[in-house]
Structure formats: structure tokens, C-alpha cells
Amino acid sequence: MPVFMIDVLPEDAPAASIESSVHRVDGQTPTLDVRDLGAARGDGVFETLGVVGGRPQALDAHLARLANSASLLDLPVPNDAQWRHAITVAAASLPADRQGGLKVVLTRGAEGGSRPTGWIVATPADGDFAERETGISVVTLDRGYSSDVAQRAPWLLAGAKTLSYAVNMAALREARRRGADDVIFLTSDGFVMEAPTSTVILRLGDRIVTPRTDIGILPGTSQLSVFEFAADQGLRTEEALVPASDLTRADALWLVSSVRLAVPVTSVDGADVPVDLELTRAMNAALLARRN
Ligand code: PLP
């Protein structure tokens with residue numbers, strides 16, 4: 001599992017300093033200062049990118065979201081050229097004949113220090129992604145936020161991809177306790193949000209719909225690519241306020257994310273949902289073929 005530590009450069013650093021700022025380290029070597037606020041408080045941001053053929057997918061969209069998350073946390077603006085270089089080097093370290101993923105992390109740095117910490121972990125995929133065909137069961141869980149949380153309480157950082165994923169992981173454990181594979185979060189006023197690590201997409205007739213991001217969810221890079229693909233197919237795409245009741249009246253339902261890609265949902269809270277396998281396969285072919 002290749003690991004790369006990054007000497008985080010300011011936004012305006014000279015291009016000549018970039019190459020020597022990315023260091024591949026032995027995965028067994030301790031690399032993180034235990035005082036790092038990313039580790040101690042989850043005070044930082046991250047991205048997970050898919051890697052296909054040794055190349056990162058949707059790099060521009062991920063870099064834009066990293067910059068947006070950093071800005072929401074008042075972290076220094078990431079140096080775009082540095083992260084682009086580091087991500088490209090890390091992706092090339094993975095076997096070209098297997099899909100994989102990169103976890104790209106930027107934290108506030110060590111307590112009392114003055115510099116953010118950055119690293120990338122590159123992981124080859126270990127499974128065959130069978131769930132892209134077989135689908136998954138989900139349960140709905142209350143996220144405890146109303147649909148106006150992002151406007152009402154911006155300090156809750158809804159919509160930033162922060163390192164504080166303990167709640168997301170707890171929700172996945174709750175799903176397993178209930179005999180399901182994954183979760184769809186609902187707002188406290190009954191609207192569909194997102195899954196703990198993916199975006200929700202529904203097909204309602206000839207409309208492809210995803211929840212609006214202004215309710216306090218992450219803008220998904222995979223969702224964006226699926227919408228481009230759907231528009232090319234002549235399907236209508238729409239960002240909407242989606243009532244929870246739409247989940248069980250959908251003609252098809254997916255969770256989409258960068259490494260797992262589009263996974264059809266077969267049931268919601270025990271109620272069957274139709275699977276559109278043909279459209280799922282076409283979506284995944286389009287996602288795998290993505291360059292940028
Ligand atoms: N929503 C959440 C909370 C996520 O953590 C993720 C990805 O990790 C997504 C949505 C999907 O984003 P993307 O398609 O960019 O992977």
C-alpha cells in the first residue's frame with residue numbers, strides 16, 4: 001500500500017519546489033506526528049479518488065472539492081499544481097491492470113505548529129465489485145439535521161468533506177445491525193440526503209434525480225459524471241428536494257461514489273426497489289471510461 005507524505009506548499013509556491021515536496025515512504029514507517037490535529041480531532045479534509053489504468057479519475061472535480069472543503073474549514077488554499085502532481089504520482093504507483101483508490105488528506109497540522117500536514121495512501125482494489133451487479137440493501141436513518149442546516153448553522157460544516165467520519169461509520173454499523181448493507185440519511189424534516197460514503201441517485205420515469213446539495217450534503221464527483229452521461233443519453237437530470245417517500249416509488253435507485261462507482265439499491269427498509277441493470281451497466285462503463 002504505497003504512502004506518500006507531502007510537504008504542503010503555499011498556494012503561490014514556485015513550480016520548481018513541487019517535485020521534491022512529495023515523498024514516497026515505506027508503509028511500515030511511522031509517518032504521522034501524534035499531535036496532528038487531523039488524527040486528534042478529525043480537523044482536516046480529504047478526498048477519495050478512483051484509479052483506473054494507473055490514472056486518477058475526475059481529478060479536476062476532486063481538486064475543486066478539496067479546495068472548497070479547505071475553505072469551509074479556514075485551512076490554507078491548497079496549491080493546485082502540487083496536489084495534481086502528488087495525486088498523479090500516487091496513482092501511477094498502483095498496478096495498471098487493477099482498479100484502485102487514493103485517499104488524499106490535508107490536516108491543520110501538529111498542534112502548536114504552523115504548517116498543514118498532507119499525505120496520500122494508494123490502495124489497489126481487493127474485490128471484484130460484484131455489488132455493481134448484485135446490488136445492496138439499505139436502511140434509512142435520521143441524520144439529525146433539518147434541510148436548512150447549511151444556511152442555519154454553517155459551523156456544522158455540512159457539505160465539507162472533513163476527516164470527522166465517526167458518525168458515518170457508526171451509521172454503517174447500525175445498518176449492519178439491522179441486516180442491511182448501507183444507509184441513506186434523511187433530514188429531520190424527511191428529505192433524502194446522501195449515504196455515509198456515496199451520493200443517492202434515483203430514476204423517476206425518464207428523470208434522473210439527485211438531492212440538492214444546499215440541504216447540507218457533499219457535491220458528488222461521480223454523480224456529476226453520471227448526470228453528464230445521462231444527459232448524453234437524452235435523459236432529463238434534476239437536482240431536487242427529494243421526499244423520503246420517493247425512495248420506494250423510484251423506478252431505480254443507486255448509491256454512487258468514486259471507487260465503488262454505481263451500485264443499484266435492491267431494497268429500502270425491507271421494501272423491494274426495481275433494479276435497472278442495463279442502465280447500471282451503462283453508467284459504470286461511462287464511469288470507468290472517465291478521464292477528467
Ligand atoms: N457523500 C459522502 C458523504 C461521501 O463521503 C462521498 C464519497 O466519499 C460521496 C457522497 C460521493 O462522492 P464522490 O462521488 O465524489 O466519491
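Modeller: Ala, Val, Leu, Ile, Met, Phe, Trp, Tyr, Cys and Pro count as nonpolar, Asp, Glu, Lys and Arg as charged, and the others, Gly among them, as polar. On that split, the shell around the ligand has five nonpolar, nine polar and three charged residues. Bear in mind that this is a predicted model, where local features need pLDDT of at least 70, side-chain atom pairs count only at pLDDT 80 or more, and totals for chains, interfaces and linings use all residues. Residues are numbered from 1 along each chain as its sequence is written, and side-chain values use heavy atoms, with hydrogens and water left out.

Colleague: How many residues surround the ligand, and which are the closest?

Modeller: A residue gets in if one of its heavy atoms lies within 4 Å of the ligand. That gives 17 residues, with K161, Y165, T221, S222 and S258 the closest.

Colleague: What makes the pair between K161 and the ligand a polar contact?

Modeller: The rule asks for N or O atoms within 3.5 Å. A polar side-chain atom of K161 sits 2.7 Å from a ligand oxygen, so the pair qualifies. E194 passes too, since its polar side-chain atom is 2.9 Å from a ligand nitrogen. T197 uses a backbone N or O atom, 3.5 Å from a ligand oxygen.

Colleague: How much of the ligand's own accessible area does the protein cover?

Modeller: By Shrake-Rupley with a 1.4 Å probe, 95% of the 390 Å² is covered. Helices (DSSP H or I, at least four residues) and strands (E, at least two) that give two or more residues to the shell are α2 (59–72), α7 (221–232) and β12 (252–257).

Colleague: Why is one space called a pocket and another a cavity?

Modeller: On a 1 Å grid over the protein atoms alone, a cavity holds a 1.4 Å probe that cannot get out, while a pocket is open, with protein on both sides within 12 Å along at least five of seven lines; lining residues have an atom within 4 Å of a point. The second largest pocket has a volume of about 220 Å³. Of its 15 lining residues, L224, S225, E228, R290 and N292 are closest to the centre. The largest share, seven residues, comes from α7.

Colleague: How many cavities of 30 Å³ or more are there?

Modeller: One. The largest cavity holds about 50 Å³ of space. Its lining includes G50, V51, V52 and S258, and strand β3 (residues 44–52) gives the largest share, three residues. By class, that lining has six nonpolar, five polar and no charged residues.

Colleague: Which domains supply at least three residues each to that lining?

Modeller: Domain 1 (3–124) and domain 2 (131–289), with bounds from an automatic or database assignment.

Conventions. Polar contact = N/O pair within 3.5 Å; in protein donor to acceptor, adjacent residues only side chain to side chain. Points joined across faces, edges and corners; volume = space filled by probe spheres on them.
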